[in-house]
Amino acid sequence: MSSLSVSASGAAADAIGRHVPTLVDDSVASRLFEQDATLWGPEAESESRIRLSWVGLPRSSRPLVGEIAALHGSFVEQGLTHVVLCGMGGSSLAPEVICATAGKPLVVLDSSDPDYVRRALGDDLAHTVVVVSSKSGSTVETDSQRRAYEQAFTDAGIDPASRIVVVTDPGSPLDKESRDKGYRVVNADPDVGGRYSALTAFGLVPSGLAGVDIEALLDDAESVADLLAADDEANPGLRLGAAIGGTDPLRDKLVLVDEGSGIVGFADWAEQLIAESTGKNGTGLLPVVVGGVDDPEVTWPATDVTVARLVAADEESPSSDAASEVRVGGTLGAQLLLWEVATAVAGRLLGINPFDQPDVESAKKAARELLDQGTGAAAEAAATDGAVEIRALGGSGDWLGDARTVPAALDALFAQLDPEHGYVAVMAYLDRLADAELADCRVPLAKRTERPTTFGWGPRFLHSTGQFHKGGPAVGVYLQITAAPKEDLSIPGRDFTFGDFIASQAGGDAAVLADHGRPVLQLHLTDHDAGLAQLREVLLAGGRA
């Protein structure tokens with residue numbers, strides 16, 4: 001039997017007291033589990049009507065258990081134990097958390113970086129099974145990764161149909177093409193959006209093939225389904241939704257810190273769910289994933305911050321006088337369903353549709369337009385400092401001024417920061433494994449600016465905080481980092497390379513941000529290693545010379 005706990009203090013507790021009785025009176029929980037599409041207003045109704053099947057997944061996904069177990073057993077008998085997942089956003093983040101928590105290895109290929117992709121292709125191909133996950137079947141990143149693996153298998157004398165499993169919605173372009181090629185296809189529930197798909201085939205197929213007990217995961221979620229569907233003031237989904245989405249004035253930065261939850265990487269999954277669901281119409285919640293309790297956003301939270309502490313399932317909640325804090329405990333399956341419910345509830349309180357993602361689509365469109373032009377190249381640099389080119393976009397006026405060095409350019413960017421409500425977003429279109437140490441800059445930048453600071457790997461974050469950046473309140477400043485790849489990689493059947501593609505994704509992202517009036521500082525490493533070393537030195541000093 002699973003358990004969930006949600007306790008709060010300060011503004012978050014006040015929000016629970018203010019909103020939960022009304023949510024109960026309005027039967028929000030039971031209506032949600034009855035898939036009532038009217039909960040978010042008439043403008044959201046058409047989208048909500050086809051996006052609510054996730055509330056029943058702990059039961060409706062049961063037929064997948066045996067199918068996945070049989071497929072897993074067949075692969076193991078053949079010695080195919082190296083599982084790679086090609087997917088983006090909701091297709092990749094949940095399996096990553098599920099497998100990491102269970103201690104089962106899974107390679108998540110959610111990048112267009114040519115060096116990242118090449119390394120994955122060369123890793124134990126003889127024992128590799130590839131799961132290709134795309135809800136729409138038209139996700140360019142996933143299509144490109146699939147093409148690369150098909151070519152790699154063919155070059156190695158391996159039939160791709162014997163190694164590739166496709167997860168997609170029924171009737172998608174990928175569904176038909178894959179069946180025509182003889183691939184094993186598992187269809188997901190089409191009435192579930194990507195970020196709510198943890199307990200669909202998108203979350204369960206790669207996890208089950210990696211060796212996770214997915215039946216136990218579904219059991220865990222099902223054990224709390226009735227609790228979350230109850231119109232009761234003790235309902236943890238209503239309490240958490242009110243705590244994060246109902247503060248007055250709205251504390252729109254949600255700092256996620258893990259304090260021994262036992263769920264590996266859960267904050268990264270929650271980040272996408274919350275940011276992509278709520279960041280629109282000039283409002284929303286910006287999740288800020290931090291490394292620990294000593295990070296600045298936790299030790300001196302600003303007046304627009306609520307701290308969400310992820311704790312062990314059986315931990316008792318100590319008394320707290322925090323300005324705004326919520327403590328959340330529970331096991332993995334239960335927490336997946338809890339946060340989905342809470343995000344839907346927060347959407348109702350915020351007055352937005354939690355099931356669309358208009359600005360994710362706008363960035364995709366801008367990237368495609370750059371590819372159609374035959375280039376992902378940026379405009380001429382304003383200056384070059386060592387191995388780093390400097391460009392400035394968006395904002396108000398010539399905010400870069402006469403800055404011609406990286407530290408001076410960072411000074412100019414941070415001068416655009418709202419000292420009371422702003423945030424800093426670092427967006428690195430690099431290899432998130434080989435260049436992982438760059439993320440260490442987050443804390444020094446947060447200390448310098450005294451504002452919440454996020455760090456995202458591109459293009460991964462485009463399906464997450466990328467929505468909030470463009471659709472949320474216009475209070476952020478954006479540092480985009482790109483690099484020339486050490487070696488480019490062609491995409492079979494395409495007239496562009498992985499290097500072209502990731503450059504276009506970065507360029508499209510920056511262009512849409514600029515169109516929304518957001519200040520963007522682009523730092524491009526003309527020499528990957530030299531530029532990265534130069535940039536790390538500056539950023540680890542908080543951006544100072």
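This passage goes through two strand arrangements and the two largest pockets of a predicted model.

A good place to start is strand 15, which spans residues 476–483. Eight of its eight residues are buried, so the strand is largely enclosed by the rest of the structure. In a regular strand the side chains alternate between the two faces of the sheet. Here, Gly476, Tyr478, Gln480 and Thr482 point one way, while Val477, Leu479, Ile481 and Ala483 point the other way, and all of them are buried.

Strand 15 also has partners to pair with. Strand 13, made up of residues 423–428, runs parallel to strand 15 and is joined to it by six bridges. Within this pairing, Val424 of strand 13 sits opposite Val477 in strand 15. Strand 16, residues 520–525, pairs with strand 15 as well, again over six bridges and in the parallel sense. For Thr482, the bridge partner in strand 16 is His524. To get from strand 15 to strand 16 the chain passes through helix 20, and this β-α-β crossover is right-handed. Helix 20, residues 498–515, turns up again below, as it supplies at least two residues of the lining of the second largest pocket.

Elsewhere, five strands make up an open sheet with parallel pairing, in the order 3-2-4-5-6. Strand 3 (107–109) and strand 6 (184–187) stand at the edges with a single partner strand each, so one side of each is left without a neighbour in the sheet. On average, and with direction ignored, neighbouring strands of this sheet are turned by 20° against each other. At the strand 3 edge, the partner is strand 2 (residues 82–86), and three bridges join the two in parallel. One of the paired positions is Cys86, whose bridge partner in strand 3 is Leu109.

Turning to the pockets, the largest has a volume of about 770 Å³. Its lining counts 33 residues, and Asp268, Val289, Ala439, Phe455 and Trp457 are the ones that lie nearest its centre. At least two lining residues come from each of helix 6 (90–102), strand 7 (253–258), helix 13 (266–278), helix 18 (442–449) and strand 14 (453–457). Helix 13 has the largest share, with five residues. By class, the lining of this pocket splits into 18 nonpolar, six polar and nine charged residues.

The second largest pocket comes in at about 630 Å³. It is lined by 33 residues, with Ser136, Thr139, Glu361, Lys364 and His463 lying nearest its centre. Helix 6 and helix 13 each supply at least two residues here too, as do strand 4 (128–134), helix 8 (140–155), helix 16 (358–372) and helix 20. It is helix 16 that gives the most to this lining, namely seven residues. Polar residues number 15 in this lining, next to nine nonpolar and nine charged ones.

Thr139, one of the residues nearest the centre of the second largest pocket, lies in the loop between strand 4 and helix 8. Its relative accessible area is 14%, and with the cut-off for buried set at under 20%, Thr139 is buried. Lys364 is also among the residues nearest the centre of that pocket. Thr139 and Lys364 are 225 residues apart along the chain, yet their C-alpha atoms are separated by 9.3 Å.

Key: Residues are numbered from 1 along each chain as its sequence is written. This is a predicted model: local features need pLDDT of at least 70, side-chain atom pairs count only at pLDDT 80 or more; totals for chains, interfaces and linings use all residues. Side-chain values use heavy atoms; hydrogens and water are left out. On a 1 Å grid over the protein atoms alone, a cavity is a set of points where a 1.4 Å probe fits but cannot get out, and a pocket is an open set with protein on both sides within 12 Å along at least five of seven lines; lining residues have an atom within 4 Å of a point. Grid points are joined across faces, edges and corners, and a volume is the space filled by probe spheres set on the points. Helices (H or I, at least four residues) and strands (E, at least two) are DSSP runs, numbered from the N terminus. Ala, Val, Leu, Ile, Met, Phe, Trp, Tyr, Cys and Pro count as nonpolar, Asp, Glu, Lys and Arg as charged, and the others, Gly among them, as polar. Buried means under 20% relative accessible area, exposed over 50%, partly exposed in between (1.4 Å probe, protein chains only). Two strands pair if DSSP finds at least two bridges between them. A crossover is right-handed if, with the strands pointing away from the viewer, the path from the first strand over the helix to the second runs clockwise. Axes are lines fitted to C-alpha atoms, for helices over the stretch in contact, and angles run from 0 to 180 degrees between N-to-C directions.
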